[in-house]
Structures are given as structure tokens and as C-alpha cells.
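Reader: I have a model open and no idea how to read its features. Could you walk me through a few?

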Amino acid sequence: MKDCLFCKIINETLPSSTVYEDDLIKIIMNINPNTNGHLLIIPKKHYVNIMDIDEEIITHSLKITREKIYPLLKEKLNCEGLTIAENNELGQEIRHFHIHLIPRYQNDGADISYKKENLDDIGEIFEKLVI
């Protein structure tokens, strides 16, 4: 995509701090990190979201995270956990599929919480979702 920020990074028309790269993905430092070492996994081919991405890319991304990146974060940054997140449509600022790898530390302040008063009864939600 001509105007896609991540495609420009993949094509090296924009700079990035690349931590890992292979034929399928590029892993870069997030320029707006939630915690120290917040990374983005970006497929080299443009996909908009989880609905159109090749399953091989997701599988490969998680394999590289498990085998290389998470151990690297634990060893070099002494993180105590890892949050893996991916937004689709609402909340997806850049319309190029990407996965956030957010290292977690004690008292890091990273919090994914919602107003409980805005949530419906869990039993009602369950009944809607049972397949």
C-alpha cells in the first residue's frame, strides 16, 4: 500500500529500529511504547487485519516470539511477563496487521481495564457466544 506507514518501514523508505527480520516479518521498536522494550511484529506483506491475514504469518510470528523474542526480552530487559495484543478495526490506528509485544514489569503501570458498570452480565454474554 502506497500510503501505509508500515509498508514504508518494510520497504525502508522510513527508518525503524529493527530487532529481528526474516522473509515474512519485521520486528521493530514501537516509537510510542507502553513499557520498555515494546515491540511490533509487522508482516512484510500488507494485510489489513486478522480477517485477511495468511495463517502462516500468525503461526510464524508466535513461533518467533516464543523461541527468540520473549527469551531475548527476559534475558536483556529482565521483564517478568509479556502481553501479546493485536487490534482489529476499532483501536487499530494503522491499517496494516501488526502484533504488539509488550514486556511486563512489576509496577509498570500498564493496565488494560474497562469500566465494569458498562459491561453486561457475563451469563448473558456467554449464552450469546455458545457455539
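**Loops, turns and a surface patch**

Author: Let's start with one contact: the side chain of Asn49 reaches the backbone nitrogen of Met51 at 2.8 Å. A polar contact is a pair of N or O atoms within 3.5 Å; within protein, one must be able to donate a hydrogen and the other to accept it, and residues adjacent in sequence count only if both atoms are side-chain atoms. Keep in mind that this is a predicted model, where local features need pLDDT of at least 70, side-chain atom pairs count only at pLDDT 80 or more, and totals for chains, interfaces and linings use all residues. Residues are numbered from 1 along each chain as its sequence is written, and side-chain values use heavy atoms, with hydrogens and water left out.

Reader: Okay! Where does Asn49 lie, and is Asn49 buried or exposed?

Author: Buried means under 20% relative accessible area, exposed over 50%, and partly exposed in between (1.4 Å probe, protein chains only). Asn49 sits in the loop between β3 (39-43) and α2 (55-77), and its relative accessible area is 9%, so it counts as buried. Helices (H or I, at least four residues) and strands (E, at least two) are DSSP runs, numbered from the N terminus.

Reader: Which residues is Asn49 in contact with, leaving aside neighbours within four places in sequence?

Author: Contact means heavy atoms within 4.5 Å. On that basis Asn49 is in contact with Asn88, Glu89, Gln92 and Phe97, leaving aside its neighbours within four places in sequence.

Reader: Is there another loop residue whose side chain I should look at?

Author: Try Asp108, in the loop between β5 (99-104) and α3 (122-129). A polar atom of its side chain lies 2.9 Å from the backbone nitrogen of Ala110. Asp108 is partly exposed, because its relative accessible area is 22%. Not counting residues up to four places away in sequence, Asp108 touches Thr35 and Pro103. The C-alpha atoms of Asp108 and Thr35 are 6.9 Å apart, although 73 residues separate the two along the chain.

Reader: And what about phi angles?

Author: Most residues other than glycine have a negative phi. Here Glu12, not a glycine, has a positive phi of about 60°, and Asn78 has a positive phi near 55°. Glu12 lies in the loop between α1 (5-10) and β1 (18-21), while Asn78 lies in the loop between α2 and β4 (81-85).

Reader: Are Glu12 and Asn78 buried or exposed?

Author: Glu12 is exposed, at 58% relative accessible area. Asn78 is exposed too, at 57%.
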